[in-house]
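Here are some exercises to work through with the model open beside you. Try each task before reading its solution.

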Amino acid sequence: MYLAPSNAHDDVARLRALFLRLPPEAVACRQTAARLHGFGEFAPLSPQVHILVPAGLARPQVRGVKIYDTVRPVEPVMVHGIPCVPAARCAVDLARTSRRLDALPVLDGALRLGGCTTDDLAAEVALHQRLRGVCQVRELVSLADPGAQCRQESQMRLVIIDGQLPRPELQVAVVDEYGNVRYYLDLGWRRRRVGAEYDGVSHLDRVVARRDRERHNWLVAQGWRMRYFTDVDLYRRPQHLVTVLRGALT
């Protein structure tokens, strides 16, 4: 079972029913908790329900449910009537156990939608000493930013930083001649007037494409050098993405 946006209420109801079959100490964790906290779209996809129980407790065998042991006590928070690990612990656990490119989006999403702060994440990391992946999370917490609006923006930012380019600003506001905000850019370098954007499948729509062309032409007329990237650039040829932006910046 996965918490899909289209039937979230039904999925929460199924989760509540599931918890009637679990030990009272069980709490939702990882992707399941991320979805409940509101930043599931920033996390790697998983078809399973993820549950945490204290070490030594008998693990119930439930189809579609993955159960983890923990020796660290959990002070659960209730989300939609379901006990969950706090958002900061959820994010750190996911970022520890995910590949680097998937870890930063989780931290960004937790800051944006999970109700936690950078200090919360840093304090949680300090409690994960000597656990697998903690060094990765400690580094990425310093890069986490609540300005990212989707996981691809987070991933593109990480590719840029790892490519030794200047760290970009998120959601760059571009104003018109009257000082009113005309557009926001996904990523940008304001002083150099360079912008970078991720084009997902929604940009294939004809109406969206027309608006994109109008927007692009206006930005170019204002002196912005815009560069656009797709999933092919991000996932198959990230070095090309870095090379294109390095050329624009220099």
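**Exercise 1: the sheet**

In this predicted model, four strands form an open sheet with mixed pairing, in the order β6-β7-β8-β9. Task: find which strands lie at the edges of the sheet.

Solution. Look for strands that pair on one side only: these are β6 (169-175) and β9 (225-229). Then follow the twist, which averages 45° from one strand to the next.

**Exercise 2: a strand pair and the helices on the sheet**

Task: work out in which sense β7 and β8 pair, and which helices pack on the sheet.

Solution. Start with β7 (residues 181-189) and β8 (residues 194-198), which pair in the antiparallel sense over three bridges. One position to check is Gly188, whose bridge partner in β8 is Gly195. Next, turn to helix α7 (residues 151-162), which packs on the sheet and touches β6, β7, β8 and β9. The direction of α7 makes about 45° with that of β7. Helix α8 (residues 206-221) also touches β6, β7, β8 and β9, but its direction makes about 80° with that of β7.

**Exercise 3: helix α10**

Task: compare the expected span of α10 (residues 238-249) with its end-to-end distance, then find where its buried residues point.

Solution. At 1.5 Å a residue, the twelve residues of α10 should span 16 Å, and the end C-alpha atoms are 17 Å apart, which agrees. Now list the buried residues: Leu241, Val242, Leu245, Ala248 and Leu249. Seen down the axis of α10, these fall within an arc of 125°, so they line one face of the helix. Finally, ask what covers them: the cover includes α7, β7, β8, β9 and α9 (231-236).

Definitions and conventions: Residues numbered from 1 in each chain as written. Predicted model: local features only at pLDDT ≥ 70, side-chain atom pairs only at ≥ 80, totals over all residues. Heavy atoms only, no water. Pairing = 2+ DSSP bridges. Helix = DSSP H or I, 4+ residues; strand = E, 2+ residues; numbered from the N terminus. Axes fitted to C-alpha atoms, helices over the stretch in contact; angles between N-to-C directions. Contact = heavy atoms within 4.5 Å. Expected span 1.5 Å × (residues − 1). Buried < 20%, exposed > 50% of the residue type's maximum accessible area, 1.4 Å probe, protein only. Arc of directions from axis to C-beta.
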